[in-house]
Amino acid sequence: MQEQIIQTDVLCIGGGIAGLMAAIRASESGAKVVVAEKANTLRSGSAGLGNDHFRCYIPDIHGPDIKPNLESLARSQVGGAMRNMTFMRTWMEKSFDIVKLWESWGIPMRYEGRYEFAGHGLPGRILASLKYSGKDQKSVLTREALKRGVTVMNRVMMFDLINSNGSLVALGISPKDNKLLVYHAKSVVLGTGLCTRLYPSPTPGWMFNIAYSPNNTGDGRAMAYKAGAELANLELTMRWAGPKYFARCGKGTWVGVLRDPEDKPIGPFVTKPDRKLGDMAADIWHSAFEDFAKSGKGPVYMDCRGISEEDYQYMAHWLRHEGNASFLDYLEEEAIDLKERPVEFSTYEMHLSGGVLYNEKGETSVKGLYAAGDELFGGISCAATFGWIAGDSAGPYSCSAATPDAHEARPRIEERKQLIEGMLGRKKGPGWKEANLALQQIMQDYAGPIRSETLLAAGLSHIRRLKEKVGTAMVAQDGHELVRGLELMNLVDLAELLFLAAMERKETRAGHVRVDYPFTNPLLDKLLIVRKTDEGPILEWKELRR
Amino acid sequence: MPPLIDEEKCTRCGACVDICQSDVFSMRAENAIPDATHADECWHCGACVMECPAEAVSLRIPLPMMVCYK
């Protein structure tokens, strides 16, 4: 396999919101910046089709006191559990600057000439989600990056990060021309988004029917771990909700009421469609849909009946910007009129809500390695804000850092090359789909909604056997399958770490349900760190600075 | 299985091949109509529909994704 060396000051791994924002900011410090993107930065990842709400604090609207916004953030789905107050304050304080920047670049951040806040709202409390028209946000960010001289390399699957005596060497595959790309970077910013495809989707065997991008497979988390960085709270999981069977994010964009089959609202917040509030019931009561089904009182519907034509157009406008265009087109083709037809909602599959631990400067625990956005958790505004901040840190750092010494990375590079050549050269063996399904069934059965010491211990041994198979027997018939195979390796690595962390956290908390420890232990209100050592993974508890 | 390409409208420009984040499409030969080789990896995001300059791509939402309504 041919090898190509690429020297750069800053390497942004992942060309999503975080990666592009980091690249833009880092390039402004004079650093040479490369973005390596698995697909195409114009439409890749979870934000590729757009977003319509951006959590922020605007003093002229919210008042001079930032506290209500911080409280709202701490309570939100993207907020508090794993963040310290310095981090959250930095996020909110910087958020309006990012809004103004995006507006200056041509992303419409206003509605009918004003800043409009709506959705995810509680009656009588502040609204923190700024409505914006983000359908083409990624083409704007790509253009701004290119304008500043950033090199964007599309269709590059980054899969390994080597910490060679303090120098970072990152490995990628360009499947189209069958090349191994070896990046020597003074600093690396990880921005690969969430980790999906660990757990089965609601549709059996249909791995890609999920709400977040199915191409975000935790590559950044796996690479951070390999480079020695701390991962936090991998055992905690999150489940989103939305239209049943047609998995889409954006329930906060709906203008309707969640109701039971007798038309009774399931929550206490709204009794008729309210464009300002939406219905927070499912944000607050995560298991509502399942609880109704289990008690025989389901299903639960999102009911927009009674909505005015104006409010319906308002909702449809924002759903289109929130990446729901194909969903709306489908409703139209099937003549399903939301003004007349309540649609069932359900909870989707589990995914990780832990990940790479980065601070308010975007720094990880490894010098020169930064991370942003959904490498931990936080959604669009977090990705935009901390992408910018990570670029602000990485750019100047790289301008003064020494040229990387990649010498010691050579044995690892050779080992990885052999692994790839093995996968491509083998004639018989499991493909990535088989491996992915095997992984998903182990995750669901042994580290799924029910966890215990004995289940986790058994599951860990199964995962380790699967990992061995994936590493030695998997077959890739072409470049496409090679990319998927490398994703699988990252997923299996993370699965093993998840099992170890889930065994260590002997309590029930945030999607981590230990039936043998069915309570939340206030003494474990901490970060559970996993990191790599020469002896293998180690687990440590870390206080969360409030 | 989605997505579908209208062969009469398709100009073989390859925009759908370039844009698809799941790498669903491939062009078997220069100037060929793209083939949805990995259709089961489609996220049904609709990027190919939006980016096709000839409006030649449409999505057929498969039955397991049917929206359940009252």
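Two residues are in contact here when their heavy atoms lie within 4.5 Å. Keep that cut-off in mind as you click through this predicted model.

**Stop 1: Trp102 and the core around it**

Select Trp102(A) and show its neighbours. Leaving aside residues up to four places away in sequence, Trp102(A) touches Ile17(A), Met21(A), Phe54(A), Ile107(A), Met109(A), Tyr132(A), Gln137(A), Leu141(A) and Ala384(A). Now widen the view to the largest nonpolar core, which has 151 residues. Trp102(A) is among the residues with the most contacts inside this core, together with Phe54(A) and Tyr183(A). Which helix gives the most to this core? Colour helix α15 (residues 479–504) of chain A: it contributes 15 residues. Another core, of 43 residues, lies apart from the largest one, and among its members are Ile266(A), Phe25(B), Cys42(B) and Met65(B). As a general backdrop, nonpolar side chains in soluble globular proteins tend to be buried together.

**Stop 2: the sheet under α15**

Stay with chain A and show strands β14, β9, β16 and β17, which form an open antiparallel sheet in the order β14-β9-β16-β17. The edges are β14 (355–356) and β17 (536–543) of chain A, each pairing on one side only. Helix α15(A) packs on this sheet and touches β9, β16 and β17 of chain A, with its direction at about 50 degrees to that of β17(A). Zoom in on β9 (residues 231–232) and β16 (residues 526–533) of chain A, which pair in the antiparallel sense over 2 bridges. To find one of these positions, pick Leu231(A), whose bridge partner in β16(A) is Val530(A).

**Stop 3: another four-stranded sheet**

Next, select β10, β13, β12 and β11 of chain A, an open sheet of 4 strands in the order β10-β13-β12-β11 with antiparallel pairing. Its edge strands are β10 (237–243) and β11 (257–259) of chain A. Look across the strands: neighbours are turned by 40 degrees against each other on average, direction ignored. Between β10(A) and β13 (residues 343–352) of chain A there are 6 bridges, and these two strands run antiparallel. Met238(A) has His351(A) as its bridge partner in β13(A).

**Stop 4: aromatic rings**

Over all chains, the structure holds 24 aromatic pairs. Try Phe208(A) and Trp432(A), an edge-to-face pair with 6.3 Å from centre to centre and 75 degrees between the planes. Where do the two partners sit along the chain? Phe208(A) is in the loop between β8 (179–190) and α6 (219–226) of chain A, while Trp432(A) belongs to helix α13 (residues 432–447) of chain A, so the pair links distant parts of the chain, 224 residues apart. Both Phe208(A) and Trp432(A) are buried. Then select Phe246(A), Trp254(A), Phe289(A), Phe327(A), Tyr330(A) and Phe345(A) together, as they form one aromatic cluster.

**Stop 5: lysines over rings**

Show Lys339(A) with Tyr312(A): the lysine lies over the face of the ring, at 4.1 Å from the ring centre. For an example that spans two chains, pick Lys70(B), whose charged end sits over the ring of Tyr301(A), 4.9 Å from its centre.

**Stop 6: chain B**

Finally, isolate chain B. Its secondary structure comes to 2 helices and 2 strands, and from the N terminus on the elements run β-α-α-β. The C-alpha atoms of chain B fill a box of roughly 45 × 20 × 15 Å along the principal axes. Of the 70 residues in chain B, 50% are buried. Among contacts in chain B between residues at least 6 apart in sequence, 44% join residues at least 24 apart.

How values were computed. Residues numbered from 1 in each chain as written. Chains lettered and ligands numbered in written order. Predicted model: local features only at pLDDT ≥ 70, side-chain atom pairs only at ≥ 80, totals over all residues. Heavy atoms only, no water. Phe/Tyr/Trp six-rings, centres within 6.5 Å; stacked < 30°, edge-to-face > 60°. Buried < 20%, exposed > 50% of the residue type's maximum accessible area, 1.4 Å probe, protein only. Lys NZ or Arg CZ within 6 Å of the ring centre and 35° of its normal. Core = buried A, V, L, I, M, F, W, Y, C linked by side-chain atoms within 4.5 Å. Pairing = 2+ DSSP bridges. Axes fitted to C-alpha atoms, helices over the stretch in contact; angles between N-to-C directions.
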